[in-house]
Amino acid sequence: MKVAIVGATGFIGSKLTDEAVSRGHVVTAITRSPEKLAQHERIIPAAADVNDVPALTRFMKGQDAVIHAYAPGRGLEPQESMDKQRAGTLSIIAATKAAGVKRLLAAGGAGSLEIRPGVAHFDTPEFPAMYQGGARATAQIKDLLRAESDLDWTFLCPSTSIFPGARTGKFRLGDDALLIGADGQSRISVEDYAVAMIDELENPKHTRHRFTVGY
């Protein structure tokens with residue numbers, strides 16, 4: 001397949017790029033920092049700002065799917081993080097549609113997942129205050145996607161802890177509820193998160209739905 005990954009040099013985007021390329025897909029790697037990309041015959045560097053809709057559209061044309069792995073970055077004030085994520089997501093949606101691409105997969109966060117029916121993880125006292133801004137910013141992606149009737153979108157949320165680790169290929173999938181392991185922890189390596197996302201790219205099972213992955 002041919003897939004455009006927005007945010008291809010980020011924490012999650014870089015592993016999505018690695019996983020897709022390892023399976024033989026051709027990745028158009030959209031990033032502001034193309035110099036960070038590995039040199040590979042199936043990685044096509046594409047330098048663009050997330051808010052540059054014409055540039056994104058140009059790079060997305062002819063793709064089988066787009067993966068939204070853009071994140072504003074850490075250390076921002078909550079409102080700034082919200083504003084940047086909303087603007088970036090709207091740009092990605094607009095460019096995907098303008099390019100004529102039907103499928104849009106997006107990376108989410110664990111904060112919006114439910115710890116019990118109707119109660120989001122980030123609405124509980126246990127959720128770390130330092131992550132509130134980023135979590136609520138990322139949650140907007142789901143709401144913006146749900147408003148789109150012309151896209152076959154998917155929104156994949158990780159577990160609470162997503163960390164550099166091993167690619168095991170052994171994990172559980174869920175829907176709206178936060179996954180907790182037998183050890184009481186909610187965890188997934190970024191490598192296994194990438195496996196779940198590229199699995200969905202290849203064999204869609206959660207079209208127009210959110211799902212989650214964890215051990």
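## Charge balance and surface

In this predicted model, the mean position of the 25 positive charges of the chain lies 2 Å from the mean position of the 25 negative charges. The chain exposes about 10,100 Å² of surface, and carbon and sulfur atoms supply 50% of that area.

## Overall fold

The chain contains five helices and 12 strands. Along the principal axes, its C-alpha atoms fill a box of roughly 45 × 35 × 35 Å. The radius of gyration is 16 Å, which agrees with the value near 17 Å for a compact globule of 215 residues.

Of the 215 residues in the chain, 49% are buried. Contacts that are distant in sequence can also be considered. Among contacts between residues at least 6 apart in sequence, 72% join residues at least 24 apart.

## Helix H2: Thr-57 and Phe-59

Helix H2 covers residues 53-60 and includes Thr-57. Phe-59 is placed in helix H2 as well. Thr-57 has a relative accessibility of 10% and therefore counts as buried, the cut-off being under 20%. Phe-59, at 22% relative accessibility, counts as partly exposed because this value falls between the 20% and 50% cut-offs.

The contacts of each residue can be listed, leaving out residues up to four places away in sequence. On that basis Thr-57 touches three alanines by name, Ala-95, Ala-98 and Ala-99. Phe-59 touches Thr-28, Ile-30, Ala-46, Ala-47 and Ala-48.

Two C-alpha separations place these residues relative to other parts of the chain. Thr-57 and Val-21 are 36 residues apart along the chain, with 22 Å between their C-alpha atoms. For Phe-59 and Ile-115, which are 56 residues apart along the chain, the C-alpha separation is 39 Å.

## Helix H4: Ile-141

Ile-141 belongs to helix H4, which runs over residues 132-146. Its relative accessibility is 0%, so Ile-141 counts as buried. Neighbours within four places in sequence aside, Ile-141 is in contact with His-68, Gln-85, Thr-89, Ala-106, Ala-107 and Phe-155.

Pro-164 is 23 residues from Ile-141 in sequence, and the C-alpha atoms of Ile-141 and Pro-164 are 24 Å apart in space.

## The aromatic pair

There is one aromatic pair in the structure. Phe-122 and Phe-127 form this pair, with 6.5 Å from centre to centre and 90° between the ring planes. The pair is edge-to-face because the angle of 90° is over the cut-off of 60 degrees.

Phe-122 has a relative accessible area of 10%, so this residue is buried. Phe-127 also counts as buried, because its relative accessibility is 10%.

## Backbone at Arg-208

Arg-208 lies in the loop between helix H5 (190-202) and strand E12 (209-214). Arg-208 is not a glycine, yet it has a positive phi of about 65°. Most residues other than glycine have a negative phi.

The relative accessibility of Arg-208 is 32%, so Arg-208 counts as partly exposed.

Methods:
Residues numbered from 1 in each chain as written. Predicted model: local features only at pLDDT ≥ 70, side-chain atom pairs only at ≥ 80, totals over all residues. Heavy atoms only, no water. Helix = DSSP H or I, 4+ residues; strand = E, 2+ residues; numbered from the N terminus. Rg over C-alpha atoms; globule rule 2.2 N^0.38 Å. Buried < 20%, exposed > 50% of the residue type's maximum accessible area, 1.4 Å probe, protein only. Contact = heavy atoms within 4.5 Å. Areas by Shrake-Rupley, 256 points an atom, 1.4 Å probe, with all protein chains shown as cover. Lys, Arg positive; Asp, Glu negative; His and termini not counted. Charge placed at Lys NZ, Arg CZ, Asp CG, Glu CD. Phe/Tyr/Trp six-rings, centres within 6.5 Å; stacked < 30°, edge-to-face > 60°.
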